[in-house]
Every structure is written in structure tokens, then in C-alpha cells.
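This report goes through selected residues, their contacts and their surface groupings. The sequence and structure come first.

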Amino acid sequence: MVPREVLLASLDAVNKILDAAEKQTLSATSGAVTRMVTSSYGENAGEATEDALATVGHCAGTVQECTQNKEGP
């Protein structure tokens with residue numbers, strides 16, 4: 001491989017690692033918030049919180065995909 005290809009492959013690998021870490025962090029945070037809400041306000045509130053956070057996560061993922069796949073003018 002040429003140095004440029006090595007650099008691009010390295011950046012791609014780092015990007016994949018950071019994406020995985022981001023997903024793991026968001027999942028852990030969502031779980032912690034859901035447990036806190038369930039503990040404080042009951043099972044129904046916890047389920048509503050879990051659903052709301054899942055919806056926000058799906059929306060954020062969709063926006064990210066749309067912006068990454070956007071074609072130039």
C-alpha cells in the first residue's frame with residue numbers, strides 16, 4: 001500500500017472504533033436514565049422514557065446517514 005492508502009485505512013479504522021464507542025456510550029446513558037426514571041416515577045414512566053430515547057436515537061441516526069450520504073451540488 002502507498003502511504004496515502006495506509007493513512008486512509010487508519011482513519012477509517014479509527015472512525016469505526018469511535019462510532020462503536022459512541023453507540024456504546026449512548027446505550028449506557030439511555031439505560032441509566034431509564035433506570036433512574038423507573039426508580040423515581042414508576043414502570044410506565046420508565047417505559048415512556050425508554051421509548052422516547054429510542055426514538056431520538058433513531059432520528060439522530062437517520063440525520064447522520066442523510067448528511068453523510070448527501071450528494072454535492
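## Contacts of Thr34 and Thr49

In this predicted model, Thr34 is in contact with Gly46, Thr49, Glu50 and Leu53, once its neighbours within four places in sequence are left aside. Thr34 is found in helix α1, which covers residues 3-41. Its relative accessibility is 12%, so Thr34 counts as buried; the cut-off for that class is under 20% relative accessible area.

Thr49 shows the contact from the other side. With neighbours within four places in sequence again left aside, Thr49 is in contact with Val33, Thr34 and Val37. Thr49 lies in helix α2, the helix made of residues 43-68. At 16% relative accessibility, Thr49 counts as buried.

## The negative patch

Glu43, Glu47, Glu50 and Asp51 form a negative patch on the surface. One of these residues, Glu50, is also among the contacts of Thr34.

Glu47, another member of the patch, is placed in helix α2. Is Glu47 buried or partly exposed? Its relative accessibility is 40%, and Glu47 therefore counts as partly exposed; that class runs between the limits of 20% and 50%.

## The salt bridge

Side chains of opposite charge can pair when their charged atoms come close. How many salt bridges does the model have by the rule used here? The count comes to 1 salt bridge. The side chains of Lys16 and Asp12 meet in a salt bridge, with a distance of 3.5 Å from N to O; the rule asks for a side-chain nitrogen of Lys or Arg within 4 Å of a carboxyl oxygen of Asp or Glu.

Both Lys16 and Asp12 lie in helix α1, and their separation of 4 residues is about one turn of the helix. Lys16 has a relative accessible area of 54% and is therefore exposed. Asp12, at 38% relative accessibility, counts as partly exposed.

## The nonpolar patch

Which residues form a nonpolar patch on the surface? The patch is formed by Leu7, Leu8 and Leu11, and together these residues have about 300 Å² of accessible area.

Leu8 has its place in helix α1. With a relative accessibility of 48%, Leu8 counts as partly exposed. A residue joins a patch of this kind with over 30% relative accessible area, and the 48% of Leu8 fits that condition.

## Ala13 and Gly61

Ala13 lies in helix α1. At 37% relative accessibility, Ala13 counts as partly exposed.

What separates the C-alpha atoms of Ala13 and Gly61 in space? The separation is 20 Å, for two residues that are 48 residues apart along the chain.

Technical notes. Residues numbered from 1 in each chain as written. Predicted model: local features only at pLDDT ≥ 70, side-chain atom pairs only at ≥ 80, totals over all residues. Heavy atoms only, no water. Helix = DSSP H or I, 4+ residues; strand = E, 2+ residues; numbered from the N terminus. Buried < 20%, exposed > 50% of the residue type's maximum accessible area, 1.4 Å probe, protein only. Contact = heavy atoms within 4.5 Å. Patch = residues over 30% accessible without salt bridge, like charges linked within 9 Å, V, L, I, M, F, W, Y side chains within 5 Å. Areas by Shrake-Rupley, 256 points an atom, 1.4 Å probe, with all protein chains shown as cover. Lys, Arg positive; Asp, Glu negative; His and termini not counted. Charge placed at Lys NZ, Arg CZ, Asp CG, Glu CD.
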